[in-house]
Amino acid sequence: REDDKDTLRILVATDCHLGYMEKDEIRRFDSFEAFEEICSLAKQKEVDFVLLGGDLFHENKPSRSTLVKTIEILRRYCLNDLPVKFQVVSDQTVNFPNRFGHVNYEDPHFNVGLPVFTIHGNHDDPAGVDNLSAIDILSACNLVNYFGKMDLGGSGVGQIAVHPVLVKKGTTTVALYGLGNIRDERLNRMFQTPHSVQWMRPESQEGLSVSDWFNILVLHQNRIKTNPKSAINEHFLPRFLDFVVWGHEHECLIDPQEVPGMGFHITQPGSSVATSLIDGEAKPKHVLLLEIKGNQYRPNKIPLMTVRPFEYAEVVLKDEADVDPNDQASVLEHLDKIVRNLIEKSSQPTASRSEAKLPLVRIKVDYSGFSTINPQRFGQKYVGKVANPQDILIFSKAAKKRQTTTGENIDESEKLRPEELNQQTIEALVAENNLKMEILPVDDLDIALHDFVSKDDKTAFYACLQRNLDETRKKLNSEAEKFKIEEEDIIVKVGECMQV
């Protein structure tokens, strides 16, 4: 390529969820095959580096099997003698705050030919007393460059400073900002609290002004606004950005979309493996080849060929003419017909599939006015024909419309997303029972419960208590000086009284 020396080529992917369904005989290798294809594409397209948008792992504490497979893939594709044609010119001890404090390809003991840069997501975020994640293991092995890890400090809203990784290739300069997953409610409050989130701009150097940098942000947060407090609005982000890579949302919306009034474009690559059998995940999966030259960029979307086919359909039983509410056999016959059609549709050869795989099939059935069917029994006849015979059917009822204060009707079902159907939070329980939390802050206890349940962090409550005790001690010590004189006076007076 003639302009190769000035064109930075980045392969962008998010939400690989390595280890997903690792105990399922049929689907156990799906996440690894997709990730290996991503690495293979990076090698084939001769990219400068791979950029991952969080949730590399599905579990916060991945199994040994998952860790070994991941390390094998990264070692196979990332360690080689190929030259790295860009430089990191920022303070690397700030960008990569681990024991080594530099980008992995600069380590003289390793031949890194394909650097990987990644942030953490909500599935593989840091936890425990040492605030470590599974990504830290890969970073210590020198296989990935882990950035965007923030120390939020103690309780309260907290403050963060987002420092960019400054990348230079020829005349092209890129400021790469990373923001690993932070609880949406907390980050939402931080964005709306002045000076809580500070975006550090590149300093002028060697004839480069701030405007010469192409600014990329990669983050991993809720984007769909089912509840404004539990999602991040695009308008919270700074206007100086040029390009945003949005992780966490699994629907593939890879074509960059401009945000009105903000001046930057957002790409949402989506997941490389389907973890929720919903409509959004049934869309074809892609990764993005991003070419940047100066302040211009060119996006090229690349379909993933190894992804298991997934067919999704919705059916409203009361609208089907050949279904009788009093005859369950007619319901079964109708659903069987839909499943057979979906299996046939998935088996048709397409350019986007490298080999035939058993398809995933999901039918969302609105059964208003009908009785449900046992999904496990229904799926038995499709063993060996679909990858998920036990949960082909999911039943739902037509949601009632509720009116908002603005007068518009909102579908109740729109408030719910598969990942968000979690336990009632501490905050809600405290409010519901009118409890008074006088020792531990509600937010801190809420986070501790989440870490204990979701991340199997046995020390979560101990760490929460210890942190609050430390903060209380500091506060008491700072106030002790002004009470010291009063204490001495009291002792003297008590002594005088006792003499009398």
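Analyst: A salt bridge is a side-chain nitrogen of Lys or Arg lying within 4 Å of a carboxyl oxygen of Asp or Glu. The model discussed here is predicted, and a search of the whole structure finds 17 salt bridges in it.

User: What makes Glu 291 and Arg 9 a salt bridge?

Analyst: The closest N and O atoms of Glu 291 and Arg 9 are 2.2 Å apart; since the limit is 4 Å between a Lys or Arg nitrogen and an Asp or Glu carboxyl oxygen, the pair therefore qualifies. The two residues come from distant parts of the chain, with Glu 291 in strand β14 (residues 286-293) and Arg 9 in strand β1 (residues 8-13), 282 residues apart. Both Glu 291 and Arg 9 are buried.

User: How do you know that Asp 136 and Lys 149 are paired, and which parts of the chain do they tie together?

Analyst: The closest N and O atoms of Asp 136 and Lys 149 are 3.0 Å apart, which is within the 4 Å limit and is therefore counted as a salt bridge. Asp 136 belongs to helix α4 (residues 134-140), whereas Lys 149 sits in the loop between β5 (145-146) and β6 (160-162), so the salt bridge ties together parts that are 13 residues apart in sequence.

User: Why is Asp 136 given the class it has, buried or exposed?

Analyst: The relative accessibility of Asp 136 is 17%, and buried means under 20%, so Asp 136 counts as buried. Its partner Lys 149 has 23%; partly exposed covers the range between under 20% and over 50%, so Lys 149 counts as partly exposed.

User: What can be said of Lys 285 and Glu 281 by the same reasoning?

Analyst: Lys 285 and Glu 281 form a salt bridge, with their closest N and O atoms 2.8 Å apart. Lys 285 has a relative accessible area of 6% and is buried, and Glu 281 is buried with 3%. Elsewhere, salt bridges that share partners join Asp 4, Asp 48, Lys 85 and Lys 169 into one network.

User: Why is helix α5 described as largely enclosed?

Analyst: Of the 8 residues in helix α5 (residues 184-191), 6 are buried, so the helix is largely enclosed by the rest of the structure. The buried residues are Asp 184, Arg 186, Leu 187, Asn 188, Met 190 and Phe 191.

User: What makes Glu 333 exposed, and which patch does this residue help to form?

Analyst: Glu 333 has 58% relative accessibility, and exposed means over 50%, so Glu 333 counts as exposed. Glu 333, found in helix α6 (residues 328-347), forms a negative surface patch together with Asp 322, Asp 324 and Asp 327. Gln 328 is also placed in helix α6; with 41% relative accessibility, Gln 328 counts as partly exposed.

User: How many disulfides are there, and by what cut-off?

Analyst: The count is 0 disulfides, which means that no pair of cysteine sulfur atoms is found within 2.5 Å. As for individual cysteines, Cys 141 counts as partly exposed at 31% relative accessibility, whereas Cys 252 counts as buried at 10%.

Methods:
Residues are numbered from 1 along each chain as its sequence is written. This is a predicted model: local features need pLDDT of at least 70, side-chain atom pairs count only at pLDDT 80 or more; totals for chains, interfaces and linings use all residues. Side-chain values use heavy atoms; hydrogens and water are left out. Patches are made of residues with over 30% relative accessible area and no salt bridge: like charges are joined within 9 Å, nonpolar side chains (Val, Leu, Ile, Met, Phe, Trp, Tyr) within 5 Å. Accessible areas come from the Shrake-Rupley method with a 1.4 Å probe; for residues, only the protein chains shown count as cover. Lys and Arg count as positive and Asp and Glu as negative; His and the chain ends are not counted. The place of a charge is taken as NZ of Lys, CZ of Arg, CG of Asp or CD of Glu. Helices (H or I, at least four residues) and strands (E, at least two) are DSSP runs, numbered from the N terminus. Buried means under 20% relative accessible area, exposed over 50%, partly exposed in between (1.4 Å probe, protein chains only).
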